[in-house]
Amino acid sequence: MAAWVEGRVIERIEWTPTLLSLRVEAELAPYKAGQFTKLALQRGEQRIQRAYSFVNPPGTPYHEFYLVEIPNGELSPSLGALRPGDAVLVQSQATGFLTLDEVPPGRDLWLLSTGTAIGPFLAMLAEGEAFERFETLVLVHGVRRGEELTYQALIISLVEQYGPRFHYVPFVSREPWPGAIAGRIPAAIASGQLQARVGLAFSPEHSQVMICGNPAMVKETQQTLLELGLAKNLRRAPGNISMENYW
């Protein structure tokens with residue numbers, strides 16, 4: 001069993017009334033961008049725990065987690081109430097296979113996410129290895145409302161650093177939002193709207209796609225990509241599509 005260590009909140013970032021990021025100091029085993037660990041709080045004899053991905057690249061002096069407070073949730077409201085100086089339990093050993101070393105070579109890397117599942121992709125992009133391996137990178141982030149398009153400072157810095165090699169495409173499903181595609185990611189792929197926005201096609205020869213988000217989005221997006229001729233990426237049979245359900 002993985003060991004638990006006591007971490008300390010050093011900063012909280014409030015994005016919206018229900019979205020926040022926690023920066024935590026804790027002595028953890030080395031991890032890869034894209035992996036996750038578990039956060040927990042002790043309630044008497046019971047340890048309430050949930051998995052959260054690292055938003056920060058490895059080597060950062062803190063560990064950052066992006067979370068949504070779920071009303072009447074068992075853990076998230078308590079995590080959302082934490083302030084700098086408060087303690088939180090962190091599992092010391094990270095896990096997860098949504099990492100770049102599991103992705104075959106390609107020319108283009110598409111990172112398709114919804115909600116807080118953008119977190120692992122931000123860690124990969126900030127680390128920089130993705131830009132060494134791929135010519136063109138596309139970060140897609142689907143949310144319900146425009147205020148949920150978080151981490152804009154980091155995304156803008158990537159746009160400025162990598163220029164035309166990096167594309168950021170926001171989706172907002174429940175209200176019009178400047179610069180965002182309306183609706184859902186799978187539909188925009190099926191219609192070709194996403195590809196037209198970026199000026200890039202999905203192809204078995206050139207594309208690697210990583211999908212992270214709610215299970216319905218992951219399933220529908222994968223099916224849409226399979227219909228375009230892409231294949232699931234398996235260790236025994238390398239393909240184009242790597243994915244992770246984000247709850």
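This report describes a strand sheet and the nonpolar cores of one predicted model.

Residues are numbered from 1 along each chain as its sequence is written, and side-chain values use heavy atoms, with hydrogens and water left out. In this predicted model, local features need pLDDT of at least 70 and side-chain atom pairs count only at pLDDT 80 or more, while totals for chains, interfaces and linings use all residues.

An open sheet is formed by six strands in the order β4-β3-β6-β1-β2-β5, with antiparallel pairing (strands are DSSP runs of E, at least two residues, and helices are runs of H or I, at least four, both numbered from the N terminus; two strands pair if DSSP finds at least two bridges between them). The edge strands, each pairing on one side only, are β4 and β5. Within the sheet, six bridges join β1 to β2, and E14 has L20 in β2 as its bridge partner.

| Strand | Residues |
|---|---|
| β1 | 4-14 |
| β2 | 19-25 |
| β4 | 46-53 |
| β5 | 63-68 |

The largest nonpolar core (buried Ala, Val, Leu, Ile, Met, Phe, Trp, Tyr and Cys residues joined through side-chain atoms within 4.5 Å, where buried means under 20% relative accessible area with a 1.4 Å probe, protein chains only) has 33 residues, and F121 is among those that touch the most other members. Helix α2 (119-127) is one of the elements that give two or more residues to this core, and α2 gives the most, with five residues. Beyond its neighbours within four places in sequence, F121 is in contact (heavy atoms within 4.5 Å) with residues including L98, L139 and M210. A second, separate core of 21 residues includes V140, L194, V218 and L225.

How values were computed: Buried < 20%, exposed > 50% of the residue type's maximum accessible area, 1.4 Å probe, protein only.
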